[in-house]
Amino acid sequence: MGVRIAVPSKGRLRDPVLRLLEAAGIEPLYSPDATRALIVPTNWENVSLVYVRPEDIPAIVSAGGAELGITGLDYIEEHSGEGLEIVEGLGIGRARLVVAVPEEAPVESPRDLPDGVRVATKFVNIARRFFEKLGVRARIIRITGSAEAMPRLGVADAILDVSSTGTTLRLHGLRVVAEVMRTEAKLIRGSHVDPEDPLVEVIVEAVRSVLRARGYKLVLMNVPEEALQRVVEALPSMSGPTIARVEGPRPMWEVITVVPEDRLAHVLVEARRRGARDILVLSVDRVIP
């Protein structure tokens, strides 16, 4: 049985998602841009990528059109999440779903919006739930493209949309009055899929191994025997550093460990101060516990 992975065909998630899959060893055999193909085989036997709009991925996975998919939590919530399971947060495509109004609007929070306020969004279900919870009777206007221009065009009084940095909102004279939710890319699996399916398990573990490796570096160093204990005490590691004797004219040990990148500079300086030398720092591609 083959496995299809639904991935974004466009938008801010597409390139980060494809880079993540490539890091996990899963690469399309050809670019869909060159062929207009929607289903593309990969270098993994019986694994293909299905290129679709990110907002359609939850529905496609839940309906059985793909076994796995990667899309934003915002689109999963808009779909309601029925018929699928979130397997893993991927830490890419992080953004906020916000309510924004024109700069000059006398509004400080969404509760200040009057009944009948027109809100433009492609997240119709999320918007409806959000305003109903606040007790604001909003008229939700469904759009499929950019929402930022809608207030200036007189189509809407406010928008509910994704914002990464806020730059686009400011360029259109909008300001945020509420954060609805935070979103990032998620790996999802259809409820119809056996989570113990061997190929599905391998794909999920390949992706997870890449995620675990983020933020870590492999550090190798030579340590004179008399400094070994002092150096090892200063080193973080997973289960413990690897230590092997170095053949040479004086007693020397090779020490190998994994260090979180945000602690790397401090660890290297302290290890050098305690007697380590010949220090090498390497990238970590995968971590499998």
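What are the helix and strand percentages over residues 53-206, and how many Å apart are the end C-alpha atoms? Select that stretch in this predicted model: over residues 53-206 the chain is 25% helix and 33% strand, and the end C-alpha atoms are 24 Å apart. The choice of limits comes from UniProt, where an unreviewed entry places the feature "domain: ATP phosphoribosyltransferase catalytic" at residues 53-206.

**The six-stranded sheet**

Turn next to β2, β3, β1, β4, β11 and β5, which in that order make up an open sheet of six strands with mixed pairing. At its edges stand β2 (39-41) and β5 (84-89), each of which has a single partner strand, so that one side of each is left without a neighbour in the sheet. From one strand to the next, the twist averages 30°.

Within this sheet, select β4 (residues 68-72) together with β11 (residues 185-190), and you will have a pair that runs in the antiparallel sense over five bridges. To find one point of register, display Leu68, whose bridge partner in β11 is Arg189.

Now add helix α1 (residues 14-23), which packs on the sheet and touches β1 (3-8), β3 (47-52) and β4, its direction making about 145° with that of β1. Helix α7 (residues 198-213) can be added as well: it lies across β1, β3, β4, β5 and β11, and runs at about 30° to β5.

**Helix α5 and its two sides**

Move on to helix α5 (residues 124-134) and show the side chains of its buried residues, which are Val124, Ile126, Ala127, Phe130 and Phe131. They lie on the same side of α5 because the arc they cover around the axis is only 160°. Such a pattern can be read against the helical repeat: an α-helix has 3.6 residues a turn, so residues three or four places apart point the same way. If you look at the other side of α5, you will find Glu132 and Lys133, which are exposed.

To see what covers the buried residues of α5, select elements including α4 (73-79), β6 (95-102), β7 (117-121), β8 (138-142), β9 (158-163) and β10 (174-183). Just after α5, stop at Gly135, where phi is positive, at about 80°.

**An aromatic pair**

The structure holds two aromatic pairs. In the one formed by Phe130 and Phe131, the ring centres are 5.2 Å apart and the planes stand at 80°, so the pair is edge-to-face, an angle over 60 degrees being counted as such. Both Phe130 and Phe131 are buried, and both belong to the buried residues of α5.

Technical notes: Residues numbered from 1 in each chain as written. Predicted model: local features only at pLDDT ≥ 70, side-chain atom pairs only at ≥ 80, totals over all residues. Heavy atoms only, no water. Buried < 20%, exposed > 50% of the residue type's maximum accessible area, 1.4 Å probe, protein only. Helix = DSSP H or I, 4+ residues; strand = E, 2+ residues; numbered from the N terminus. Arc of directions from axis to C-beta. Contact = heavy atoms within 4.5 Å. Pairing = 2+ DSSP bridges. Axes fitted to C-alpha atoms, helices over the stretch in contact; angles between N-to-C directions. UniProt positions renumbered as here; feature names shortened; annotations may be inferred. Phe/Tyr/Trp six-rings, centres within 6.5 Å; stacked < 30°, edge-to-face > 60°.
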